[in-house]
Amino acid sequence: MWGNRRWYGAPVSAPSSSTSSLSNLAGSAAATLANGYHRIYDLNLVWRPQLEVQDRRRHAIDILRVTTHVESQYDRVGPGGGAFDWSVWCPHLAQACRVRRFSYPQVAGAVIPDERVQEALDVAVKESINEKRAELGVAEDDESFDEDSYYTEMLRKHEKRAGKILIGMRSKISNLVLRITSWVLYKLLPCFMSGVAAHPAQVEMIKRAIEKHPDVPLIFLPLHRSHLDYIMVSFILLNNDIKCPLVAGGDNLRIPVFGHILRYDGAFFIKRKIDPLTGKKDHVYRAILHTYLQKCLTAGHNVEFFIEGGRTRTGKPCMPKSGILSVIVDAFNDKSISDALLVPVSINYEKLVDGNFVREQLGQKKIPESFASAASAIMKVLKARYGLMRIDFNEPFSLSELVKSLRKSDMAHNYTPEMRRLQHKPSSSSLFGTDVVQEEQDQRNLIDNIARHVVYDSARATSVMTTNALAFLLLNRFRDGAPLSILVEALDELRSVLSGVRDLGFTGSSEDVIRYATDLLGPGLVAKEVRNGQTFIKPVLLIPNVIELSYYSNCLIPHFAVESIVVTAACLLKREVERKASTDRHDYADEVTVSRRSLLQMSMEFADLLMYEFILCKPCQKLETVLESALHDLCLREILSQPVVELTEDQTMGQRLAKSLQRDGLDPDDDMEDDFFDEGVGGFRGVNGGGGPFENGIDSGDNGTRIHFPAEKHCDRLVLQSVLAPFTHTYTAVASSLHQLLDGNSMVESEFIRLCIKEITTRVEMGDCKYGESISTDTVRNCLKVFQKRSYIEITNNNGVRLVSLMPAVDSVSEVSSIVEQVQLFVPV
């Protein structure tokens, strides 16, 4: 079907080697080679390849240049087949008129009478009665209080509120408005974007899934980067004759004109956050949201929601918010739907249409959306250029098979110390969190595992754009800038490293790519000058500018995070060995090496510190195995080295037995790991504490396998350490700010975050931290979550105000200094 589509404009092709053809390069970005699908789950019951080899090798195409219905009725016009078809002259209008119509039933009328909502109304009314009795000081058996009449009054009040909630929430999706929006997008998007790249094979894959399961709703789960995400998924589906989904949007978008357009395009609006005091009691709102979603699913609607909750402010994926997913799983469990096909969606931009999030990262309040701000933003966008947008639809998978597989896998028998310590606590302060539906703990864990799996694989499937590659190289390898020729070599090397594991959203020569990305990011982020007759490119390191540039670099951070953890831990152990040798005045003739066991243990500790920054592995994987695999890859690339040890036959048999026990969930090293991880505050024994990876300050692991540090790869190790260095600098500054909470002092959370931002900013300005991107409100919040989980701090709610205070066990100068020392340990030197 895709092969018969009519193209308007020049076909997408790879650029020539000339550096002057920027328009060709924009076209080449749309011609990315990729797999055509992304494997989502390793569970045998879930994943089944649906694409042939030739499909997986197809190029992405620019969907703005493709109209699927132009001349589609040409052969039907006239007996000779030569009659005029007006779509030749008005292709976009013809496309909008000829897309398939679908039935979009309105379900709002069935929500309020539903039993769940009626029960919630009854609970809310009874709570109001109890509050009124408490206010009047009337006992429960006091007949002077007319409970019946007050019940009727409160019921009317809550029913009226329920009606308003439903009216504000519901979608009014319309075939007509969808078609008008499609035509407008065909006209407006080329004004500021060079193209929207997508894989035809992926769309065909979704169609085949629909044909196989015609009565099963599709649940689209995009990673959220821009407000444009809301309509672009529907735009692609509509123009490929796939039923558009109802899209969950925050009620901050319910603004005049634009909010109405979104509502008719399929948006339904929900609260993004619930007041910590009253939210937990808002049974009515939760019941309406839950019932509305279930009614939509049973009526045959597809649904789209953003698994991260809101847009990422840092460029890397956020921790998932599982609330709406829990409603869908609940609908499956109570047989409201027989199944659902989950479709993770990866979206990326060469340049973010929404501008940047620098204000918020600096601790300033977000500017609320309004009609004026939206109109102003649209006018600004139309005058600029934002390069290419890339959308990847990943392999649909069956919810029923996934739930069955996860339950059958019985995660308990693989429950290891690292899983206990790295267990993620789902959100409980947002409607996107698991507080929407009150599942049992195992149900919450199941839903959270599904959500984390989706985010992990969607992040891995996100295409790397030109600006991502350039920003990553400049901030992690050439922070002081580099000649164009050196950057070209570095990009060639990066493309080689990413080849086969990440899709690249560009083709052509690396020189053309760098010139194009430099011009697209602009002189505010990347400076270009001539030195000694050579083009020299460097990042602009002013704090606001480097924070914005890091947004693009952070797309690649998750890919290198595990390797960075291992290399940072290895260099930390190496420094400690060298420090001990210097203290003891020993001169080692041999090179410094570290224990492999100590390295993996220290890597686990570092991973634990970053538990809210990255999803480092799938829930069905053991983190230790992932770290071991990363160490193996680093050794293959000779960044680290591990001499091959010749094993005897008995030793080989012993290793095979150990691996067999691990597969059966019986890890022979569990006792050792428990000893290491269970002691000390937060599971760490301290820098110079006994046991652990250090014993009296030196590397004291097993006397078996040792890890070496090839001298010729020293620069590569520095680059990998710099990947996570901004995060460790932020965490160290937050730990130092804990001194402000000593002696039982408490502080409003927002004020404490501003204090931390001020501390980090001071360090950057004083030169103690060279990473301006360390100034990040999101990273500070994630650090506070880690400290709370480790019982360093307590965050309480006092009349709606969140207060931060130290736990009594660490409320002393020595304990806080110990915390600072533990965190600072991972800051590269």
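Is glutamate 638 buried, partly exposed or exposed, and what is its relative accessibility?

**Exercise 1. Place glutamate 638 and describe its backbone.**

Solution. Begin with the cut-offs: buried means under 20% relative accessible area, exposed over 50%, and partly exposed in between (1.4 Å probe, protein chains only). At 45% relative accessibility, glutamate 638 therefore counts as partly exposed. The structure is a predicted model, in which local features need pLDDT of at least 70 and side-chain atom pairs count only at pLDDT 80 or more, whereas totals for chains, interfaces and linings use all residues. Residues are numbered from 1 along each chain as its sequence is written, and side-chain values use heavy atoms, with hydrogens and water left out.

Next, locate the residue: glutamate 638 sits in the loop between α23 (623-636) and α24 (649-663), where helices (H or I, at least four residues) and strands (E, at least two) are DSSP runs numbered from the N terminus. Finally, look at the backbone: glutamate 638 has a positive phi of about 65° although it is not a glycine. Most residues other than glycine have a negative phi. Aspartate 241, which is not a glycine either, has a positive phi of about 60°, and aspartate 241 is found in the loop between α8 (229-238) and β6 (245-250).

**Exercise 2. Work out how strand β10 is set among its neighbours.**

Solution. Start with burial: because six of the six residues of β10 (residues 388-393) are buried, the strand is largely enclosed by the rest of the structure. Then separate the two faces, with Leu388, Arg390 and Asp392 pointing one way and Met389, Ile391 and Phe393 the other way.

Now turn to pairing, where two strands pair if DSSP finds at least two bridges between them. Strand β4 (residues 195-198) runs parallel to β10 and pairs with it over three bridges, while β9 (residues 341-349) is antiparallel to β10 and joined to it by five bridges. Methionine 389 appears in both pairings: it is the bridge partner of valine 196, and tyrosine 349 stands opposite it.

**Exercise 3. Decide how far helix α3 is enclosed, and by what.**

Solution. Six of the eight residues of α3 (residues 91-98) are buried, so the helix is largely enclosed by the rest of the structure. The buried residues are Pro91, His92, Ala94, Gln95, Ala96 and Arg98. For their surroundings, take contact as heavy atoms within 4.5 Å; the buried residues of α3 pack against β3 (66-67) and α6 (175-192).

**Exercise 4. Trace three salt bridges and say what each one joins.**

Solution. A salt bridge is a side-chain nitrogen of Lys or Arg within 4 Å of a carboxyl oxygen of Asp or Glu, and the structure holds 25 of them.

1. Arginine 116 and aspartate 330 form one, with their closest N and O atoms 3.8 Å apart. Arginine 116 lies in helix α4 (residues 115-136) and aspartate 330 in helix α11 (residues 323-333), so the pair ties together parts that are 214 residues apart in sequence. Arginine 116 is partly exposed at 31% relative accessible area, whereas aspartate 330 is buried at 18%.
2. Aspartate 282 and arginine 161 meet at 2.8 Å, N to O. The pair links distant parts of the chain, 121 residues apart, with aspartate 282 in the loop between β7 (267-270) and α10 (283-298) and arginine 161 in helix α5 (residues 147-169). Aspartate 282 is buried at 12% relative accessible area, and Arg161, Lys271 and Asp282 are linked in a network of salt bridges.
3. Arginine 311 and aspartate 354 form another, their closest N and O atoms being 2.6 Å apart. Arginine 311 is buried, with a relative accessible area of 10%, and aspartate 354 is partly exposed, with 24%.

**Exercise 5. Describe the lining of the largest cavity.**

Solution. The structure holds eight cavities of 30 Å³ or more, a cavity being a set of points, on a 1 Å grid over the protein atoms alone, where a 1.4 Å probe fits but cannot get out, and lining residues having an atom within 4 Å of a point. The largest has a volume of about 250 Å³. Its lining comprises 25 residues, of which Thr314, Ser550, Tyr551, Asn554 and Glu773 lie nearest its centre. Helices α12 (358-361), α17 (466-476), α20 (543-553) and α26 (714-737) each supply at least two lining residues.

Methods: On a 1 Å grid over the protein atoms alone, a cavity is a set of points where a 1.4 Å probe fits but cannot get out, and a pocket is an open set with protein on both sides within 12 Å along at least five of seven lines; lining residues have an atom within 4 Å of a point. Grid points are joined across faces, edges and corners, and a volume is the space filled by probe spheres set on the points.
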